Amino acid sequence: MALTRRAALVGAGAAVGALGGRWMGASLPSLDGVTVISPVGGETMLNDASQLSETPIFKHVIVKEPPGDALVAALRAELKEAEAAGRPVNLAAARHSMGGQAIPRDGHAITFDYPFVSFEPGAETYTVQAGTRWHQVISALDPFGMSPKVMQSNADFGVASTFSVGAHGWPMPFGPMGSTVRSVKMVLADGSLVTASRSENADLFAAAMGGYGLIGLITELEVEAVPNQLLEPTFQTLPATDFATAFVATASGDVPMAYGRLNIDREGFFDDALLVTYRPVEGEIPPAAGSGFLSKASRAIFRAQPGNEWVKRRRWGIETGVGAMLAGASSRSSLMNEPVITLDDRDPTRTDILHEYFVAPDRFNDFIAAAKAIIPGSYQELLNITLRWVAQDPTAMLSYAPQGQRIASVLLFSQEMTARAEADMARMTQEMIEAVLAIGGSYYLPYRPHATLDQFRRCFARSAEFVALKRQVDPGLRLRNALWDKYMVEA
Ligand SMILES: Cc1cc2nc3c(=O)[nH]c(=O)nc-3n(C[C@H](O)[C@H](O)[C@H](O)COP(=O)(O)OP(=O)(O)OC[C@H]3O[C@@H](n4cnc5c(N)ncnc54)[C@H](O)[C@@H]3O)c2cc1C
């Protein structure tokens, strides 16, 4: 890939060409997300990663423009047309959200498909077109020895999406990715282009961060980078009830990446924990790679888990034993460059559904007790739980960690695609949310919209303030999605 001394750009295997002193990627050959568009009975339907959100839309528009006037003009044109017809608009990237958060019912669904990263060697930040995927950011920064500061555990997602859901990752000891964003440019519902940061239009910045595209259509972001590192893992098994104390100690040490796991077989459900910490080691940093051998090799075991307690027990043994022994040093960027597809279930009768809960470290053992009491009572298949550190996020209006640091518990379930399973999942999710709210915790909004309206309002104490600001900047309610329709339209 050709690179200038000044700036880098990536185009996922696509040809790159110079324009205006920056490098821009040609458009991707196809959308690599899960935007599924299907005509049903003459209607255009749009779905998301859950495969459970099929919703009629008016049209789907793919915008292939770098940051700049043409991009802004394309968004203004969609807004104008939608306003004239009274239709909603939503802008998205990979549509891996799971409850229509990126789908405007009967409206204009816009998807960005133009990877663009601009980085000046020696700088602390880079600029991206909002729909750029993280694997494209990694490829652009890697030759300069730099790495994203915070991103999710998978690299398929869009950068503005990550900001818009308040996503976090496993780099330590940071808050959500939005804490690493210096500024965003966005087109508001009335077509005006604004810059928002902590010092300029600070209220718009706070609402757009974790604001699910309801405040403005983000066109570009300035985001912080950190030096890439060669990291080596250490694996520690411990009783689950000792995990929080060990994680707090890890967060206050000089550990750039860490995560935890709990065992999920029914016999020892949530009794044992694994703490994996990555520390810098000397050595040459290899170019960022995608999924490593262990990730690929673990797929078969991972996918054999539903309905098989023996496999679940063996998997824990392998993960804490031979898996730990085989794991070697990797670059920071390689560790985050994991595609979602690696663990894809390839089963049309089931779908993978995530839950995520955030609790203060000193309430983590109460969370374990609640999960032990509630999850085995459902017939959902829990495939995995990963534990992450999230620092306080005092900025975002819809913050899930407004009051202090949190341990995030990410639960991955395999759900049957039936009405019975959906009803069971809704019941179990509401019970989990109730238990987590009772211990001062919160839940994550990009997944299935099973929370009740009352639970949403109790969890997100500033949601009324968010709705008031949204109605002020978007009085015609042009920017809408299923999250708004279910939880905020009546506030
Ligand atoms: C396998 C998997 C692993 C995950 N791991 C993590 C994790 O480690 N940490 C974590 O925090 N989350 C994680 N998530 C959740 C994930 O971060 C969110 O679902 C995220 O939204 C996915 O990005 P996307 O590009 O698919 O977003 P989309 O679904 O496309 O969009 C999400 C939201 O952002 C808005 N949006 C997108 N682009 C713009 C824009 N340009 N301007 C304004 N609004 C915009 C959309 O309107 C929508 O409301 C994971 C999800 C999956 C499926």
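Student: Which residues of α11 are called exposed on the face turned away from its buried side?

Tutor: They are Ala419, Arg420, Ala423 and Ala438. A residue is called exposed if 12 or fewer other C-beta atoms lie within 10 Å of its own, buried if there are 20 or more, and partly exposed in between, with C-beta atoms placed from the backbone. The four residues therefore fall in the class with 12 or fewer. This is a predicted model, in which local features need pLDDT of at least 70 and side-chain atom pairs count only at pLDDT 80 or more, while totals for chains, interfaces and linings use all residues. Residues are numbered from 1 along each chain as its sequence is written.

Student: What makes α11 a helix, and how does its span compare with the expected one?

Tutor: Helices are DSSP runs of H or I with at least four residues, strands are runs of E with at least two, and both are numbered from the N terminus. Helix α11 covers residues 419–438, which is 20 residues. The expected span is 1.5 Å times one less than the number of residues. For α11 this gives 28 Å, and the helix reaches 29 Å from its first C-alpha to its last, close to the expected value.

Student: Which residues of α11 are buried, and why are they said to line one face?

Tutor: The buried residues are Ala421, Met425, Thr429, Met432, Ile433 and Val436. Seen down the axis of α11, they fall within an arc of 100°, so they line one face of the helix. The arc is that of the directions from the helix axis to the C-beta atoms. In general, an α-helix has 3.6 residues a turn, so residues three or four places apart point the same way.

Student: What covers the buried residues of α11?

Tutor: The cover includes β19 (350–359), α10 (364–374), β21 (406–416), β22 (442–443) and α12 (453–459). Contact here requires C-beta atoms, placed from the backbone, within 7 Å of each other.

Student: Why are β6 and β7 called edge strands?

Tutor: Three strands form an open sheet in the order β6-β8-β7, with parallel pairing. β6 (59–63) and β7 (89–92) each have a single partner strand, so one side of each is left without a neighbour in the sheet. The twist averages 20° from one strand to the next.

Student: How do you know that β6 pairs with β8?

Tutor: Two strands pair if DSSP finds at least two bridges between them. Five bridges join β6 to β8 (residues 108–112), so the criterion is met. One of the bridge partners is Ala109 in β8, which is matched with His60.

Student: What makes β16 a mostly covered strand?

Tutor: Six of the six residues of β16 (257–262) are buried. Met257, Tyr259 and Arg261 point one way, whereas Ala258, Gly260 and Leu262 point the other way. In general, the side chains of a regular strand alternate between the two faces of the sheet.

Student: Which strands pair with β16, and over how many bridges?

Tutor: β16 pairs with β17 (272–280) in the antiparallel sense over six bridges, and two bridges join β16 to β20 (381–390), also antiparallel. Arg261 has Leu274 as its bridge partner in β17 and Thr386 in β20. These strands belong to an open sheet of eight, in the order β18-β15-β17-β16-β20-β21-β19-β22. Its edge strands are β18 (330–331) and β22, each pairing on one side only.

Student: Why is Val137 called buried?

Tutor: Val137 has 28 other C-beta atoms within 10 Å, so it is buried. Val137 is found in helix α2, where eight of the eight residues are buried. Not counting residues up to four places away in sequence, Val137 touches Val117, Val128, Thr132, Pro148 and Val159.

Student: What makes a residue part of the shell around the ligand, and which element gives the most to that shell?

Tutor: A residue is near the ligand if its C-beta atom, placed from the backbone, lies within 6 Å of it. In this model 35 residues surround the ligand, and the closest are Ala94, His96, Ser161, Ala167 and Gly213. The elements that give two or more residues are β7, α3 (159–165) and β14 (217–227). α3 gives the most, with five residues.

Terms used: Contact = placed C-beta atoms within 7 Å. Axes fitted to C-alpha atoms, helices over the stretch in contact; angles between N-to-C directions.
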